[in-house]
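Visitor: Could you walk me through this model and show how each label follows from its cut-off?
Guide: Gladly; here it is.

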Amino acid sequence: MAELAWLIPILPLASFVFISLAGQTVKGDGDRVGVAAVGASLILSILVFVDVLDGARVSADFAWAFFGGTQLRLGYQVDPLTATMLVVVTLISFLVHVYSLGYMHGDVRYKRYYAILSLFTASMLGLVLADNLLFLFAFWELIGLCSFLLIGHWYEKRDVGFAALKAFLTTRVGDIGMLVGIMLVFFHARSFQFDAIAEVIASGQWVGPALAAAAVLLFAGAVGKSAQFPLHVWLPDAMAGPTSVSALIHAATLVAAGVYLVARSYAVFSAAPEALATVAWVGGITALFAASIALVMEDIKKVLAYSTVSQLGFMMVGLGVGGFTAGVFHLVTHAVFKALLFLASGSVIHGVDTQNMHEMGGLRKKMPVTFWTWAIGSAALAGIYPLAGFWSKDEILLSVYEGQHTALFWILVIAATLTAFYITRATLLTFFGEPRDRRRYEHAHESPATMTVPLVILAALAVVLGFANSPYSGYWFARFVYFDHPHVPEAAGFVLFWATASWVVGVGLAVLVYGFGLISRRAVIDNLRPVWVLLKNKYYFDELYYLVFVRGTVALARIVGWFDRVVVDGVVNLAGYGTAKLSRATGEFDRDVIDGAVNGIAALFKAGGAVLRRLQTGYVQSYVLALFLTVVVGLLVFAIG
Amino acid sequence: MTVTDWVFLAIALVTLFSAYRVVTTHKIMHAALWLGLTFVGVAGIFLLLGADFLAAAQVLVYVGAITTIIIFGIMLSSVEDLRGESFDNVWKRLSSRLTSSRRGIWPLLAAVGLAAAMVIVVSRGQWPASPHAPALDTPRLLGEALFTRFVIPFEAASIVLLVALIGAIALALKEERTE
Amino acid sequence: MTLSLPVVLGVGAIMFGLGVYGALTQTNAIRVLMCIELVLNSVNINLVAFSRFTADQALGQIFAVFVMTVAAAEAAVGLAIILMIARRKTQIDIDQINLLKW
């Protein structure tokens, strides 16, 4: 079955082609075609996964282009990491496809939505299957494009268009670095193939700063895609897109691509400790500061967005400290419970038609399924035993602890506490308490089955998935997906205590503030006003970037414009003036000398013709006479000579 | 001097004299008749040279056909010329020709020069002294040659004749139609 | 003086010269045509004479036959042209036919 892995991205691609070209010819604009294609991909992925479990490994490629002695090969490979990602991507994508049947029902661009969704799925699967950096980069850009298109789905709204642009341009900053990194890798390894690169590094032919530089540059791409500090600014704005898109792209798959990139090219990273440290620290800073912003957000999707940024930071830390399995496992569990949270929030938004949590409240009675699935998802995110988040977060903390990164450890513990706090806050604000907006509350209703069934499935997975890498399964996942050799961290009571303490403190504080009101929100805000303002404004990153990049660009443009106007235009005008003068002189020369010469020659021929035409008498006999005389002369010469 | 030589001499003189008259006689109809005599003389020379068939053809084609159509042509076109020019003195005419602004002495020079050049070439050449035995059956000889070695030129000549025939008819008819 | 080749060729040469002179001086187109026939005949005399003095007697005579053919064609077409001119100009003085001029 693993040999058929190439079919997995082809099916959604075919669905994309069909929907965009002929979607209108079938019922529902081809939405069911998309669902069926991704469903088939899901089944195939599971079959491939099972095959890979049995030890199957596939790698196939073909020569695509030749440059001198180097050839570019395109191909795909299936190993445990790929197989896992295939299942995650197709599963979330399939559920989102189903969910969208209800969520996007009656949308103005329903057909376009499903077409792009299929294209995104195909590209993401291609990215996961790619066996070389170049191919991966192509899909990398494709998913970026799909993200742009889907964020801008409702582009009539001005902000939505800008959000899409922002996402595209911000990730592009990272992509430049990534491209340079890929070139650097190719320059040294003479290949784009992951296994070939790994071989070159393993053989010790490539060491030194260039390797670290290449790794850091590759990581720049991951920073952009996975919305890590300082390129995180696009992800919260990307929430302007449909919530189903946020669930698929901005929680589970696209943003995980950065983590996947680091995991996939881990050979490069692991050989450069500086690069690993960079990854870990960037991840740690992101995890903490994004979680802190999530504390004060009022938009339910913004909370989830910053939560996603924060959790991606967790994964980066896991990879950065050498916990390859931990990072990837958190990627998988996070994909499930964050997609669940997004879809649940979508269900809420669908019901009350607002994203502001202060306009919600008390919705648990109106939307029981949504509430319970949300509750499971948020518990998983908070890291409550025995849900998925507990196991994966615990794993990361363990890796950090084992690596003796004390500072990072405490950063993560604080971030985990904040995580538990903000998600509890969101839960309480949304589903508990008194309805703050009566009209919306009355209007609220449970979502249709197409939306709730995916929620239930994801919730079930959020409960059981964590056991895949727990003592109860003998750390099965760690023995399946690993780098170099399987590594199962030893459970440490210290870590377990702080992990548990973090969620207990976080949840407890949130309940005290938002549940029972024992601690006054107002008082906290008043006492910590500078911090609150700072968080509320997201550390002023948007403003900073506006000031530095937008205003900077404008200022630069103004300077360049002035230079253009005064210096360049001056030179151009001078040159133009000189040219005009010169051409006038040339024109005179032309008229008097060249034309004179031409006319003179013409006059010469005219005069000659006037003389010579006398010879053309028109009398045949004259001509014949000339002929015969010539013959006579010729004969005489011949006869005498 | 054998009899043949005498006969040749006589025929040659007649031929050349009639050719001279073709050029010099002032009446065009006379010129045509002198031309006929020239053709007959040439036929005689052919006979003396043992070309029996060619002599017969010469009489048939030139005397019988060409001279006749030339006479027809004269009668159809040159009615004024039939009477000839006013003076009949050869020298007067020659001098008038030689002093004519356009022709002058040059045509005479060209003609004499060509003839002289040919005579010079002939006199300097190494020629076989005695003739080969004349072929007895020249029609057969020519016929075989025409249909074997020269069949392609023969066919080409046929086409030339056909084209000339059609062309002549077309030229003659054209005016009839427009009138 | 026997019937030798140079003598016959000399007869041909004289006849040729007469023909050329006539062709160059005559003003009547039909006379020019007649003179051209003279030239062609002189050539024929030469050809037949050559054939008499070579082993392959057919060769020269065949040439003469072809010359006759061409002469016949020339006479026919030439006269047709002269007739055309006569119809248009009522006379055939070639001094008045000078269209071949600049």
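Visitor: How much area do chain B and chain C bury between them?
Guide: Chain B and chain C bury about 6,800 Å² between them, 75% of it on carbon and sulfur atoms. Buried area here is the accessible area (1.4 Å probe) that two parts lose on being put together, summed over both. Before we go on, this is a predicted model, in which local features need pLDDT of at least 70 and side-chain atom pairs count only at pLDDT 80 or more, while totals for chains, interfaces and linings use all residues. Residues are numbered from 1 along each chain as its sequence is written, chains are lettered from A and ligands numbered from 1 in the order in which they are written, and side-chain values use heavy atoms, with hydrogens and water left out.

Visitor: Which elements of chain B give two or more residues to the side that touches chain C?
Guide: They are helix 1 (3-24), helix 2 (28-48), helix 3 (52-77), helix 4 (90-99), helix 5 (106-124), helix 6 (138-147) and helix 7 (151-178) of chain B. The largest share, 12 residues, comes from helix 1 of chain B. Helices (H or I, at least four residues) and strands (E, at least two) are DSSP runs, numbered from the N terminus. By that rule, chain B has seven helices and zero strands.

Visitor: How many residues are in contact between chain B and chain C?
Guide: With contact meaning heavy atoms within 4.5 Å, 84 residues of chain B are in contact with 72 residues of chain C.

Visitor: What does the rule for salt bridges find between chain B and chain C?
Guide: A salt bridge needs a side-chain nitrogen of Lys or Arg within 4 Å of a carboxyl oxygen of Asp or Glu. The count between chain B and chain C is zero salt bridges. The interface of chain B and chain A also has a count of zero salt bridges. A search of the whole structure does find nine salt bridges over all chains.

Visitor: Why is K166(A) with D237(A) called a salt bridge?
Guide: The closest N and O atoms of K166(A) and D237(A) are 2.8 Å apart, and the cut-off is 4 Å. K166(A) lies in helix 6 (residues 158-189) and D237(A) in helix 9 (residues 234-237) of chain A, so the pair ties together parts that are 71 residues apart in sequence.

Visitor: Why can such side chains pair at all?
Guide: Side chains of opposite charge can pair when their charged atoms come close.

Visitor: What makes D175(A) buried?
Guide: Buried means under 20% relative accessible area, exposed over 50%, and partly exposed in between (1.4 Å probe, protein chains only). D175(A) has a relative accessible area of 1%, so the label is buried. R172(A), at 24%, counts as partly exposed. D175(A) forms a salt bridge with R172(A), with the closest N and O atoms 3.0 Å apart. Both lie in helix 6 of chain A, three residues apart, about one turn of the helix.

Visitor: Why is R140(B) called exposed?
Guide: R140(B) has 53% relative accessibility, so this residue counts as exposed. E144(B), at 47%, counts as partly exposed. E144(B) forms a salt bridge with R140(B), where the closest N and O atoms are 3.5 Å apart.

Visitor: How many disulfides does the search find?
Guide: A disulfide is a pair of cysteine sulfur atoms within 2.5 Å, and the search of the whole structure finds zero over all chains.
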